[in-house]
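Trainee: Before I rely on the labels attached to this structure, could we go through how each of them is justified?

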Amino acid sequence: SLICQLCRSASEDGYHFFVSCHHKWPFWQAALDIFGLSQLFSDPRSLWTALTTLTDSTGGRLPTSSLVALGTIFDSLWRFHWCCIHDGSPWS
């Protein structure tokens, strides 16, 4: 398995790549707070469940507004990740 190119301390599976890397979780927390979703997704596991199933922790369907917010955050994270990797810039 590959080692995360940002933290260099964990295997880079999908869960780590998108939510659990210690560089990326604070990004998610700040962005979720902006969208008023920080209580709904209070930890990486609940966020991962939402991203992979499009449901909340109880199995209920997420509202469209939450899905749009998650997609917006996801897009920003994806772009920033690859800018850091290709430019050799640190995550900040």
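Mentor: What follows takes the labels one at a time and sets values against cut-offs, bearing in mind that this is a predicted model.

Trainee: How do you know that helix 4 has the span expected of a helix?

Mentor: Helix 4 covers residues 64-87, which is 24 residues, and its first and last C-alpha atoms are 34 Å apart, close to the 34 Å expected at 1.5 Å a residue. Just after helix 4, Gly88 takes a positive phi of about 70 degrees.

Trainee: Which residues of helix 4 are buried, and what covers them?

Mentor: The buried residues of helix 4 are Ser66, Ala69, Leu70, Ile73, Leu77, His81 and Cys84. Their cover includes helix 1 (14-20), helix 2 (24-34) and helix 3 (44-53).

Trainee: Why is the sulfur of Cys4 not counted as bonded to the sulfur of Cys7?

Mentor: A disulfide needs two cysteine sulfur atoms within 2.5 Å, and the closest cysteine sulfur to that of Cys4, in Cys7, is 3.7 Å away, so the distance is too far for a bond. The sulfur of Cys83 has its closest cysteine sulfur in Cys84, at 7.0 Å, which is likewise too far for a bond. The structure holds zero disulfides.

Trainee: What makes Cys4 buried but Cys83 partly exposed?

Mentor: Buried means under 20% relative accessible area and exposed means over 50%, with partly exposed in between. Cys4, at 1%, therefore counts as buried, whereas Cys83, at 41%, counts as partly exposed.

Trainee: How many aromatic pairs are there, and why is the pair of Phe18 and Trp78 called stacked?

Mentor: The count comes to ten aromatic pairs. Ring centres must lie within 6.5 Å to pair, and planes under 30 degrees apart count as stacked; Phe18 and Trp78 are 6.0 Å centre to centre with 15 degrees between the planes, and the pair is stacked. Phe18 lies in helix 1 and Trp78 in helix 4, so the pair ties together parts that are 60 residues apart in sequence. At 15% relative accessibility Phe18 counts as buried, while Trp78, at 38%, counts as partly exposed.

Trainee: What makes the pair of Phe80 and Trp91 edge-to-face?

Mentor: Here the angle decides: planes over 60 degrees apart count as edge-to-face, and Phe80 and Trp91 have 65 degrees between the planes at 4.5 Å centre to centre. Phe80 is in helix 4 and Trp91 in the segment after helix 4, eleven residues apart. Phe80 is partly exposed at 28% relative accessibility, and Trp91 is buried at 13%.

Trainee: How do you know that a charge sits over the ring of Phe17?

Mentor: The distance cut-off is 6 Å from the ring centre, with a further condition of lying within 35 degrees of the ring normal; the charged end of Lys24 is 3.8 Å from the centre of the Phe17 ring and sits over that ring. Arg45 lies over the face of Tyr15, at 4.1 Å from the ring centre. Both Tyr15 and Phe17 belong to one aromatic cluster, together with Phe18, Trp48, Phe74, Trp78 and Trp82.

Trainee: What makes up the largest nonpolar core, and which helix gives the most to this core?

Mentor: The largest nonpolar core has 23 residues, and those with the most contacts inside it are Leu6, Val19, Trp28, Leu32, Phe41, Leu47 and Leu70. Helix 1, helix 2, helix 3 and helix 4 each give two or more residues to this core, and helix 4 gives the most, with five residues. Leaving aside neighbours within four places in sequence, Leu47 is in contact with Val19, Trp25, Trp28, Phe41 and Leu70.

Note on methods
Residues numbered from 1 in each chain as written. Predicted model: local features only at pLDDT ≥ 70, side-chain atom pairs only at ≥ 80, totals over all residues. Heavy atoms only, no water. Helix = DSSP H or I, 4+ residues; strand = E, 2+ residues; numbered from the N terminus. Expected span 1.5 Å × (residues − 1). Buried < 20%, exposed > 50% of the residue type's maximum accessible area, 1.4 Å probe, protein only. Contact = heavy atoms within 4.5 Å. Core = buried A, V, L, I, M, F, W, Y, C linked by side-chain atoms within 4.5 Å.
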